[in-house]
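Biologist: I am new to this structure and should be grateful for a guided discussion. May we look at it together?

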Amino acid sequence: MTRLETACPLDCPDTCSLSVEVDHDGRITKMTGSQRNPVTDGFICGKVRKIADHLYGADRVLYPMLRTGPKGSGSFRRASWDEALELIVDRICDIAAEHGREAILPYHYGGSNGYLTRQATDLRFFRRIHASHMMRTFCGGPSGSALGGMFQGMPGVALDDYVHARLIVLWGVNPSATGIHLVPYIKEARRRGAKLIVVDPRAIPLAQDADLHLQVRPGADLPVALAVIHWLFENRAADHEFLAQHTTGADILRERAARWPMARAAEIAGVDAADIERFASIYAESNPAVIRCGWGQERNRNGGSSTAAILSIPAVGGKFAVRGGGFSASNGATWNVSRAPAIAEPSYQVRAVNMNLLGRALCEYDDPPIAMLFVYNCNPMSTAPNQRAVKKGFLREDLFTVVYDQVHTDTAQYADVILPATTFLEHHELRIGYGAMYMFDSPAVLEPVGEARPNYQVFAELCRRLGLERPDDPISSEELVAALLDDSPDSAQLKAELLVDRIAPRPQGANPVLFVDTFPGTDDKKIHLVPEHLDGAAPHGLYGYEPDPATETYPLALISPATSRTISSTFAQFIPAPVPVEIHPDDAASRGIRDGDRVRVFNEWGAFETPAKLSRALRPGVICLPKGLWSRHTENGATSNAVIPDSLSDLGGGACFNDARVQIERID
Ligand SMILES: Nc1nc2c(c(=O)[nH]1)N[C@H]1C(S)=C(S)[C@@H](COP(=O)(O)OP(=O)(O)OC[C@H]3O[C@@H](n4cnc5c(=O)[nH]c(N)nc54)[C@H](O)[C@@H]3O)O[C@H]1N2
Ligand SMILES: Nc1nc2c(c(=O)[nH]1)N[C@H]1C(S)=C(S)[C@@H](COP(=O)(O)OP(=O)(O)OC[C@H]3O[C@@H](n4cnc5c(=O)[nH]c(N)nc54)[C@H](O)[C@@H]3O)O[C@H]1N2
Ligand code: SF4
Ligand SMILES: [Mo]
């Protein structure tokens, strides 16, 4: 038995340090958390503890496969890597000749991938063949635009500094599922007397003993946040000194917030005005106060402005400059490590396709049409909006589809060629935390299962076969690491730590006090409360509100939050079917639906059928089916994305996963 150290790169803020036990056959026998990342503190989530099931399970892709039956039938035969790659190379040449190279579209997201397996050798390859560009907008587009425009690379309050807060606000975030290492710090802060406020349409587990739960309608965060800002200004609770010294645009923000008196915001959000006022007064009197801003508030038509308004609250309230005070959102963009040296190929003017519009792109784009789709680090049949169009597109006879994945996902069913990918235990990865502020350099700890290969090997091989390799390209994972670290302004420090310990805290510190140790990266080091480019980009200007899309025919809001059992659709093969849609007892009663009844959830975009589960955790008017389900989890093979429109958020071209408005009926 050998014990090895590594780190978890999965799409989770925590970036755990891991301890792996491997037997003499090279198989993993035990996975636990280690102490190297202080935030991990020796414990990890159940999904990763059981990762052996994913590695050695029946769904694992072991070899390259070629389609033998009709599209989508799931009939494949085993092929060699050489045969599969030659076929891909031939098709690239044919398609480029027939339609032009923009007819090729890479499709990838890679939330669970670090610097070595995403936007590295893969982009080098797609840039060198002059494929269309894909915009990575599944997640963080709206909030990243807000955060970037206002704070430019400023990190948030460290997770372990939450113990110092006297007030914690959880806004559109459910740490009990999506970032479990924050929970003990919240509990410790509570033990020391901190208050807790939750803003969420659902009673998340931490809402149970919160001091206040604002159970807002999905998409109504903007009015609530602006009403709080308005109240702070009107009740002598705004920190004018901080605003003058450290922000620009405070007057414009104040003016726009003044359009939102409590009563108006409360009506739209479906909560009591007195409760929003309680929020504002508790916030004003608590110090340190921290807002954990999640992603639930960004996945709608107002997502960018909502996030900007939430992130403005600590500036107006003067809550920075103290340990445990301010906000945390994603820290992903705060590291000085550029992907450019790993890509080793500049970008160029080319057609850009928003990934949220995949179905539309496959079915409608014709100049040129998309003739080849290369999917990797992503499972769009499960995770992309407008599922009906995505499926229709995948079924096109004239589309050549490559799916490169670890497991036989729903997307892989529609492939012409399936390629087997390694997991993070079987390849080398360099990963930064977007919550915990640590970086890991993690070489492989296991031999690949079957014939699985890492992304950096496969895309370099494709470059080679097409004659696009250059002598100075970084090819091996070690060369990629060296190229990435050499280029960083923090090179010396990162290398010194990573080469010795394989873990490095953020060079500027993993526990910064905001506005003491760190400032916005904007030119003037100030918070831009109304950045001009965002104000120009948002359809109603920044902080402009777009009303709820509900209609009489489709009055219910469907949300599809994360669960503790999956990372997006990853590991969903282990969730027993069927998965029920949750509905408030009042909404069920008025439709004659009882617990366990089979129901159909539908709108003009599509429908899914599954049993109903009555739940008082939801506010009336909101129903819930988790994100990341596979077709096997419902009766008709469709999931939440079947009713989710492919409309885009106000900023960043983000997906509006929580803007689905639907009806639900019992199936007799
Ligand atoms: N276990 C696990 N962990 C994960 C993931 C996972 O799938 N599983 N996914 C990872 C990824 S990709 C991401 S982006 C993060 C997401 O992390 P979170 O933001 O915590 O996750 P979500 O479940 O998307 O949304 C959080 C909450 O927002 C609420 N919500 C929905 N609509 C609204 C709204 O309009 N306003 C407000 N205020 N709340 C709303 C939902 O009820 C939910 O409780 O988690 C990461 N961590
Ligand atoms: N309805 C609804 N849909 C949603 C959301 C929602 O809230 N509601 N949330 C959205 C969010 S926040 C996100 S981030 C997206 C995520 O959606 P996706 O990007 O589709 O993420 P996953 O579902 O985790 O799928 C990633 C796939 O990549 C594969 N993979 C992992 N590592 C590698 C590798 O190194 N090489 C290769 N070739 N493959 C690899 C995994 O096996 C997995 O099948 O989902 C979005 N979809
Ligand atoms: S998914 Fe998150 S909690 Fe689980 S091991 Fe990975 S980083 Fe830790
Ligand atoms: Mo995400």
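The following exchange concerns a predicted model and takes up one residue, one sheet and one pair of domains.

Biologist: Is Thr-6 buried or exposed?

Modeller: Thr-6 belongs to strand E1, which covers residues 2-7. Its contacts beyond four places in sequence include Cys-16, Leu-18, Arg-36 and Val-445. Buried means under 20% relative accessible area. Thr-6 has a relative accessibility of 2%, and therefore it counts as buried.

Biologist: Which strands stand at the edges of the open sheet E18-E19-E20?

Modeller: The three strands are arranged in the order E18-E19-E20, with antiparallel pairing. An edge strand has a single partner strand, so one side of it is left without a neighbour in the sheet; this applies to E18 (429-432) and E20 (503-505).

Biologist: Which helix packs on the sheet?

Modeller: Strand E19 (residues 438-442) is joined to E20 by three bridges, and Tyr-438 stands opposite Pro-505 in E20. The packing helix touches E18, E19 and E20, and its direction makes about 145° with that of E20. It comprises residues 491-501 and is helix H20.

Biologist: Which residues of domain 1 lose the most area to domain 4?

Modeller: The domain assignment places domain 1 at 2-56 and domain 4 at 556-666. Seven residues of domain 1 are in contact with eight residues of domain 4, and the two domains bury about 640 Å² between them, 75% of it on carbon and sulfur atoms. Together, 71% of what the domain 1 side buries is due to Leu-10, Lys-47 and His-54.

Notes. Residues are numbered from 1 along each chain as its sequence is written. Chains are lettered from A and ligands numbered from 1 in the order in which they are written. This is a predicted model: local features need pLDDT of at least 70, side-chain atom pairs count only at pLDDT 80 or more; totals for chains, interfaces and linings use all residues. Side-chain values use heavy atoms; hydrogens and water are left out. Helices (H or I, at least four residues) and strands (E, at least two) are DSSP runs, numbered from the N terminus. Buried means under 20% relative accessible area, exposed over 50%, partly exposed in between (1.4 Å probe, protein chains only). Contact means heavy atoms within 4.5 Å. Two strands pair if DSSP finds at least two bridges between them. Axes are lines fitted to C-alpha atoms, for helices over the stretch in contact, and angles run from 0 to 180 degrees between N-to-C directions. Domain bounds come from an automatic or database domain assignment. Buried area is the accessible area (1.4 Å probe) that two parts lose on being put together, summed over both.
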